[in-house]
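The following paragraphs lead the reader through a structure, beginning with a single residue and proceeding to the contact between chains and the nonpolar core.

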Amino acid sequence: MSAALIIDIILWGSVAAVGLIALRRSPAVLTSSLREGALDFINIVPRVALGVIGSGFIAAVIPQEIITGWLGPDSGWLGVLTAVIAGAATPGGPVIGFSVGAVALKSGGGAPQVVAYVIAWALFAFQRLLLWEIPFMPARFVWFRAAVSLPFPFVAAAIAMAVGRP
Amino acid sequence: MIVIAVLVAVSVVLVWRRDGISGVSEILLGDLALFGGILPRVLAGCLLGAFIAEILPHEKVARSLGPNSGLKGLLIGTAFGAILPGGPFTAYPVASALLTVGADFGATIAMVVSWTLIGYGRAVAWELPILGTDFTLWRLLISLPLPVLAGALGRFVYVRMYPKGDEP
């Protein structure tokens, strides 16, 4: 069984579970949340369409070599800083972010720099903020969260340097 | 939305000029397949968010995840983000629902950060095969304290930015 299938089962299982709780409260609660969820879905689909169909093109225009070049084999805090900027600038989905990290590791990038890169990319990749987070959440929260997250790739790199791993 | 649309349009033209119409259609087909694949999950995420907003008792959420929930609230947010199934299409609607039913910025930040950094879905599906077990496990271990720290920093900044307790 593939990981994606397991995730799908857990996901729909959770939906069914909370749906059952809503139904036990009253059928009216169930129908009103169904309507609410369906409306959210209809509102969100055009944005997701633009995001998903667009991201392939954006990723194709920004060559991965440029990003790995930034990460480079250079070490130290300057390397961490460039890794954080590269992480924020990396477009596309999980395959691209992690692949760039893997390429950087193989081409001699330091582990703390790659950790900083992966964490910066996970926390505030610019394209994901715009395409995924803003459509679903209050914009004020999204920018606040991104700003608050800024120090943490550096914290992670510091921990990685201190423990000497990975 | 408009910024992104322009960005996408420019990218399409650049790809077209570089690789011709076959390059454009190849990416388009790949992205359409991806879009079709995640559409049901987007629906599941929206339903999950709506149900959670409806069935969670507001006072209870406000107490255990609100501004005065302390370290415990941040830990609950972190645990919730770590076990939440699905991708961004689940995490963000649910986080948004938490905000509406009375969670504060701090606990919600802990949840979102925990989902991105230590959520198992992405780590198992993508990071493990691409970056390897050793790197992934150490990266996860290093990330463990970060959601609580980010939530705490969020709370710290928030009460100073909005001392009168403005609506989030």
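In this predicted model, Ile159(A) counts as partly exposed because it has 19 C-beta neighbours inside 10 Å, whereas a residue is buried only if 20 or more lie within that distance. Ile159(A) belongs to helix α9 of chain A, which comprises residues 152–163. Between the C-alpha atoms of Ile159(A) and Gly87(A) there is a separation of 18 Å, the two residues being 72 residues apart along the chain.

The contact between the two chains may be considered next. It involves 67 residues of chain B and 65 residues of chain A. On the side of chain B that touches chain A, two or more residues come from each of α1 (2–55), α4 (88–100), α5 (105–118), α6 (120–131), α7 (133–143) and α8 (146–161) of chain B. The largest share of this side is that of α1(B), with 29 residues. Classified by residue type, the same side of chain B has 49 nonpolar, 11 polar and 7 charged residues.

The largest nonpolar core has 93 residues, and those with the most contacts inside it are Val115(A), Ala116(A), Ile119(A) and Ala120(A). The helix α1(B) gives the most to this core, namely 15 residues. Within chain A, both domain 1 (3–50) and domain 2 (62–163) give residues to this core, so it lies between them.

Ala116(A) illustrates these surroundings at the level of a single residue. When residues up to four places away in sequence are not counted, Ala116(A) touches Val80(A), Ala83(A), Val84(A), Pro153(A), Phe154(A), Ala156(A) and Ala157(A).

How values were computed
Residues numbered from 1 in each chain as written. Chains lettered and ligands numbered in written order. Predicted model: local features only at pLDDT ≥ 70, side-chain atom pairs only at ≥ 80, totals over all residues. Contact = placed C-beta atoms within 7 Å. Helix = DSSP H or I, 4+ residues; strand = E, 2+ residues; numbered from the N terminus. Nonpolar A, V, L, I, M, F, W, Y, C, P; charged D, E, K, R; others polar. Core = buried A, V, L, I, M, F, W, Y, C linked by C-beta atoms within 7 Å. Buried ≥ 20, exposed ≤ 12 C-beta atoms within 10 Å, placed from the backbone. Domains from an automatic or database assignment.
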